[in-house]
Amino acid sequence: MYPDAPSARRPGRCWTIRVVGHRDRTASVTCSSPCVMPPRSRDLAALRRFAVAHAAAHARAAAVHPDAACWCRRQRCALHEGTRVACAGSVVLVLRHDPVVGQVWTLSEVCAACAPLLPHARVLNRAAPPPPRVADPVPDTGLEPGRAAGSGAGGGREAHDRPAPSAPATPTVGPPRLVPGGFSAPSSGTGAGAERAGGRRRGVGGRRGRTTGS
């Protein structure tokens with residue numbers, strides 16, 4: 001059962017794509033994320049096809065977070081309020097679309113216990129299990145068992161001559177992936193933050209040409 005502490009799990013994500021009609025008999029597609037949408041049109045069938053493709057693009061680009069909190073529980077399980085269930089199991093990404101309404105597509109991260117209870121929903125993706133933790137290898141000091149590094153006459157010299165451990169390699173950040181359906185997704189969350197931080201450092205470029213006071 002999911003704990004109630006906000007620090008235990010990250011908030012579950014949800015995307016809502018909607019076809020909205022207007023008084024001039026045109027319609028438009030909206031998305032809860034800041035995505036590029038097509039202009040208004042009278043071709044409702046084309047807008048519906050775009051909405052379906054846009055929801056599918058979000059589903060392909062979004063990696064399901066294994067530590068995400070259940071979005072259904074955040075909404076107090078209003079969609080299946082007649083059935084009481086304790087949130088449990090792995091995190092899945094579901095698509096909800098009522099063919100009778102036909103104008104709204106909703107993607108959300110929910111738990112495996114709530115997913116089968118949501119009406120007009122089907123599971124698209126599942127969270128990958130976290131990789132197993134590997135124990136850190138014991139460093140080979142080259143000393144006899146029970147002899148501390150630096151002890152004895154030559155201990156300091158051995159520690160001085162031994163090369164320093166290499167720093168962990170910095171992960172490379174690739175360019176954003178262009179996703180069909182009107183938006184682009186970054187290659188990774190940490191990479192996007194690194195690019196923004198790097199942009200701020202590059203923006204402070206006046207130090208080289210600044211004159212020093214006498």
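Which strand holds the place of Ser 108? Here are some close-ups from a predicted model.

**View 1. Ser 108, tucked into strand 4.** The answer is strand 4, which covers residues 104–111. Ser 108 counts as buried, because its relative accessibility is just 1%, and buried means under 20%. Look past the neighbours within four places in sequence and you'll find Ser 108 in contact with Arg 13, Cys 14 and Trp 71, and also with Val 92, Leu 93, Val 94 and Arg 96.

**View 2. Arg 126 in strand 5.** Strand 5 takes in residues 121–126, Arg 126 included. Buried or exposed? Arg 126 counts as exposed, since its relative accessibility comes to 58% and the cut-off for exposed is over 50%. Setting aside residues up to four places away in sequence, Arg 126 still touches three valines you can pick out here: Val 64, Val 91 and Val 92. Check Leu 93 too: 33 residues separate Leu 93 from Arg 126 in sequence, yet their C-alpha atoms are 6.1 Å apart in space.

**View 3. Cysteines without disulfides.** How many disulfides does a search of the whole structure find? Zero. Take Cys 35, which is in no disulfide: the nearest cysteine sulfur belongs to Cys 31 and sits 3.9 Å away, while a disulfide needs the two sulfurs within 2.5 Å. Cys 35 is buried, with 16% relative accessible area.

**View 4. Cys 77 and Cys 72.** Cys 77 is in no disulfide either, and the nearest cysteine sulfur, on Cys 72, is 3.8 Å off. With a relative accessible area of 14%, Cys 77 is buried.

Methods: Residues are numbered from 1 along each chain as its sequence is written. This is a predicted model: local features need pLDDT of at least 70, side-chain atom pairs count only at pLDDT 80 or more; totals for chains, interfaces and linings use all residues. Side-chain values use heavy atoms; hydrogens and water are left out. Helices (H or I, at least four residues) and strands (E, at least two) are DSSP runs, numbered from the N terminus. Buried means under 20% relative accessible area, exposed over 50%, partly exposed in between (1.4 Å probe, protein chains only). Contact means heavy atoms within 4.5 Å.
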